[in-house]
Amino acid sequence: MTDPQNPPAPGRIMAAEMAEQPAVLRRILDQGGPKIREVAAAIAARRPRFVLLTARGTSDNAALYAKYLVEILLGKPAGLASMSTTTAYGARPDLTDVLVVTVSQSGGSPDLVASTKAAREAGAVTLAVTNNADSPLAEVSEFHIDLLAGPEKALPATKTYTAELLALYLLVEGLRGGDGAAAEVLPDLAAQVLGRRGEVRTLAERYRFAQRLVLTSRGYGYPTAREAALKLMETTYIPASPFSGADLLHGPLAMVDNVSPVIAVVPDGKGGEALQPVLDRLRGRGADLMVIGQQEQVDAASAGFALPPGVPEEVQPVLEILPLQQLAYEVAIARGQDPDAPRALAKVTETH
């Protein structure tokens with residue numbers, strides 16, 4: 001029971017759950033890996049021709065990451081489902097030989113359950129990726145992957161997001177017969193990144209009074225930019241707009257000035273190479289540019305956070321989001337808000 005004379009410190013739960021992430025990643029690799037490989041082998045034997053990903057909120061950003069994995073590593077077309085076509089309009093597309101992957105921390109949102117049930121009835125191979133093996137979503141799906149993240153009590157999702165990323169990476173690796181070895185470094189490197197909290201606190205002091213933020217990336221980093229924007233908005237209440245670097249040049253660049261900060265997630269690989277012209281344009285406009293990426297990219301920006309080198313690009317998103325989760329937390333604390341319980345939000349969002 002909470003002592004009304006001594007209320008818990010703001011952000012205590014979110015801070016603890018962020019700190020759990022290295023252990024959660026290790027648990028997925030050690031305990032969840034065999035089950036994920038088993039599920040992947042069973043699905044691969046069905047030879048799906050297309051992958052359709054279904055999710056909301058934070059899980060939607062993890063699903064977008066999986067879309068990149070499927071298209072790049074598997075060479076199969078992938079799409080993000082528009083659930084209202086099923087739940088609101090009653091559409092029933094033919095999903096024969098389609099793999100439908102529904103990603104949800106709770107597995108309890110009615111539209112996710114309904115659309116997955118409809119997909120299975122329409123001939124799809126259905127897979128639920130959740131943090132609740134007993135959820136309604138797991139029950140209606142043919143296959144299930146447990147995130148093994150443990151209860152997540154803070155409203156902003158942190159450990160379940162990185163758990164989703166890793167589980168989806170291991171799934172795609174299993175579907176193509178890979179061993180997922182690139183992920184083995186993640187738990188130790190995640191601990192290193194999270195241990196540099198003082199650097200993030202300095203960045204938070206720089207941006208605590210921002211009126212709006214723009215986030216950008218390309219390739220595997222784009223889902224990170226979207227998830228970081230969501231975390232910043234729900235914890236700090238600062239409007240944050242995420243754009244693909246390519247889309248940023250098609251008009252939104254006009255709103256960038258030397259007052260509104262731009263946070264760029266710069267992958268070490270092809271995505272970062274594709275983002276370079278955008279970074280050049282931003283610097284040319286005098287933008288206050290913060291970079292999450294390699295040291296040389298940070299050195300060329302106004303501020304930033306350098307990530308460990310030598311990590312394969314396809315698993316970098318697991319590390320990229322960590323300092324941005326901490327930034328959302330630290331900015332919220334600096335602004336006198338409680339990131340554990342953002343206003344007007346509920347842990348399970350029941351959309352239909």
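P156 is found in the loop between β5 (143-146) and α7; helices (H or I, at least four residues) and strands (E, at least two) are DSSP runs, numbered from the N terminus. The relative accessible area of P156 is 0%, so P156 is buried, where buried means under 20% relative accessible area, exposed over 50% and partly exposed in between (1.4 Å probe, protein chains only). P156 and E234 lie 78 residues apart in sequence, yet their C-alpha atoms are 7.3 Å apart in space.

The model is predicted: local features need pLDDT of at least 70, side-chain atom pairs count only at pLDDT 80 or more, and totals for chains, interfaces and linings use all residues. Residues are numbered from 1 along each chain as its sequence is written, and side-chain values use heavy atoms, with hydrogens and water left out.

## Overall form

The chain contains 14 helices and 10 strands. Its radius of gyration is 20 Å, close to the 20 Å that the globule rule gives for 352 residues, so the chain is as compact as a globular protein of that length. The radius is taken over C-alpha atoms, and the globule rule is 2.2 Å times the number of residues to the power 0.38. Along the principal axes, the C-alpha atoms fill a box of roughly 55 × 50 × 40 Å. Of the 352 residues in the chain, 56% are buried.

## Strand β3 and its partners

Strand β3 (residues 98-104) is mostly covered, with seven of its seven residues buried. In a regular strand the side chains alternate between the two faces of the sheet. Both faces of β3 are covered: V98, V100, T102 and S104 are buried on one side, and L99, V101 and V103 are buried on the other.

Strand β1 (residues 50-55) runs parallel to β3 and is joined to it by six bridges; two strands pair if DSSP finds at least two bridges between them. Within this pairing, F50 stands opposite V98 in β3. Six bridges also join β3 to strand β4 (residues 125-130), and these two strands run parallel. The bridge partner of V101 in β4 is L127. From β3 the chain crosses through helix α5 (residues 110-121) to β4 in a right-handed β-α-β crossover. Right-handed here means that, with the strands pointing away from the viewer, the path from the first strand over the helix to the second runs clockwise.

## Pocket and cavities

Rolling a probe the size of a water molecule over the atoms shows where empty space is left. On a 1 Å grid over the protein atoms alone, a cavity is a set of points where a 1.4 Å probe fits but cannot get out, and a pocket is an open set with protein on both sides within 12 Å along at least five of seven lines; lining residues have an atom within 4 Å of a point. Grid points are joined across faces, edges and corners, and a volume is the space filled by probe spheres set on the points.

The second largest pocket has a volume of about 200 Å³. It is lined by 17 residues, of which L52, A81, T86, L95 and S115 are the closest to its centre. The elements that give two or more residues to this lining are β1, α4 (84-87), β3 and α5, and α5 gives the most, with four residues. By class, the lining of the second largest pocket has 10 nonpolar, seven polar and no charged residues; Ala, Val, Leu, Ile, Met, Phe, Trp, Tyr, Cys and Pro count as nonpolar, Asp, Glu, Lys and Arg as charged, and the others, Gly among them, as polar.

The structure holds three cavities of 30 Å³ or more, and the largest cavity has a volume of about 40 Å³. The largest cavity is lined by V51, L53, A66, V70, L99, V101, L168, L171, V172 and L175. Two or more residues of this lining come from each of β1, α3 (57-74), β3 and α7 (159-175), and α7 supplies the largest share, four residues. The lining of the largest cavity has 10 nonpolar, no polar and no charged residues.

## Loop residues

The table lists three further loop residues.

| Residue | Loop | Relative accessible area |
|---|---|---|
| R47 | between α2 (21-44) and β1 | 69%, exposed |
| L148 | between β5 and α7 | 23%, partly exposed |
| P93 | between α4 and β3 | 45%, partly exposed |

Phi of R47 is near 55 degrees, a positive value in a residue other than glycine. L148, also a residue other than glycine, has a positive phi near 60 degrees. P93 and A119 are 26 residues apart in sequence and 8.3 Å apart in space, C-alpha to C-alpha.
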